[in-house]
Amino acid sequence: MSESQARNRYGLRKGLLALVVLGALGLGYFLWSGSGQPPGSEGANQSPGQPVGSRPAQAAGGRPGGPPGMAAMAVPVKVATVEQGPIQNIFTALGTVTAFNTVTVRSRVDGELQKIFFTDGQKVKAGDLLAQIDPRPYQVQLDQALGQQAQNLAQLNNARQDLKRYEQLFRQNSLARQQLEAQQALVQQYLGAQKTDQANVDSARLQLDFTQITAPISGRLGLRVIDQGNLISAGSTEGLVVITQTQPISVVFSLPQAQLPAVLERFNQGQPLVVDLFDSAERRLLATGELSSIDNQIDIATGTVRLKATFENQDETLFPNQFVNVRLRVSTQPDAVIVPTQAVQQGSAGAFVYLVADDNTVTVQPIVTGTIEGRRVAVVEGVTAGQRVVTDGVDRLRNGTRVQVIEP
């Protein structure tokens, strides 16, 4: 046998011996853990009358002499006291701020935009001058109309003088009736021409006035669409600028048709319905206004009806096309039993709350809910003022569970 083979056989025997030792140690540990005592110590900790080798009695927690288990521990919860007081019946919705009036300022004549008298975003009043179009072509048309009017007026005056002479000759039997009537018709013809000339003059003067573009309403200007020096056309749909009336301003929102009767009852009686607007986070009050109108039909696709509220918007907090959270105050219940909405749970039998007794145990109490106002809800039946209800930590609660109230 070579020297290398001898070394391999020696290593193999050494490994087998190590495995046998480890196995023996493992078996001894298994026997010790199953009996609850180390080997050879039977009877050392036995109580009188207890058989040798039996396990000692376990504590309530399931471990020998250990602390109580989780089932015996109190569940930490947060509670709230049932209150009694006024609560408002509020309907919430998502609304869109809409300008009271929106006008696209367009030119009524064609020409070169010579001058712009406003800046983007400026506030204007009705009648303020916004822009000037080259007036020279329209001044020429007015002058032509005035010249034609003067020419026809001279012919009318001459025909009237001739008519006077014809009438005098006719009274002297020196003129035939036919000639007199012809002269009378000529005068009437010139009178008709005079009216036409006056209309042409007024039209030319109106076109000349249209070269000055003024604001049709009061409001705030947007960004101008066309710059100075460009040709502007009366047929352009883009216009020059858009004016929006933001004081006052309106908000349009929709409510489900099931909520419509409560709103109509107050609205048709002429009672004011207050509308509050909040930001997207529903934390900051933006404005307070009043419901002004209700649409005349329900949208069959969504089952909702559109409503409009009016706001003064003196500080211009509201901006056209802005999305806001709407709260419509419909009515007020003066003496209601109120609990936080997070205390109300839903089960197969309906709504319920966890009542906390004086001994800090909980009871499942069915309730009947009523008006909801934000994070508060009125309870019609089931609880009374002064009782405590669980608001947080309800996941592990059952009837009779002991709780530990965590102070806020």
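**Figure 1. Confidence from one element to the next in this predicted model.** Start with helix 1, residues 3–35: its mean pLDDT of 58 is the lowest among the elements of the chain. At the other end of the scale sits strand 12, residues 304–311, with the highest mean, 95. Then there's the stretch over residues 31–67, where the pLDDT is below 50. That stretch still has 26 contacts in the model beyond near neighbours in sequence. A word of caution here: where pLDDT is low, the predicted coordinates shouldn't be read in detail.

**Figure 2. The chain as a whole.** Zooming out for a moment, the mean pLDDT of the chain is 84, with 82% of its residues at 70 or more. You'll find 20 strands and four helices along the chain. Of its 408 residues, 30% count as buried. Take the contacts between residues at least 6 apart in sequence: 73% of them join residues at least 24 apart. As for the outside, the accessible surface adds up to about 25700 Å², and carbon and sulfur atoms account for 52% of that.

**Figure 3. Phe352 meets Tyr354.** A search of the whole structure turns up one aromatic pair. The partners are Phe352 and Tyr354, set edge-to-face, with 5.5 Å from centre to centre and 85 degrees between the planes. Both Phe352 and Tyr354 are buried.

**Figure 4. Arg327 over a ring.** Here's a close-up of a charged residue and an aromatic one: Arg327 lies over the face of Phe278. The distance from Arg327 to the ring centre of Phe278 is 4.0 Å.

Key: Residues numbered from 1 in each chain as written. Predicted model: local features only at pLDDT ≥ 70, side-chain atom pairs only at ≥ 80, totals over all residues. Heavy atoms only, no water. Phe/Tyr/Trp six-rings, centres within 6.5 Å; stacked < 30°, edge-to-face > 60°. Buried < 20%, exposed > 50% of the residue type's maximum accessible area, 1.4 Å probe, protein only. Lys NZ or Arg CZ within 6 Å of the ring centre and 35° of its normal. pLDDT = per-residue confidence, 0-100. Helix = DSSP H or I, 4+ residues; strand = E, 2+ residues; numbered from the N terminus. Contact = heavy atoms within 4.5 Å. Areas by Shrake-Rupley, 256 points an atom, 1.4 Å probe, with all protein chains shown as cover.
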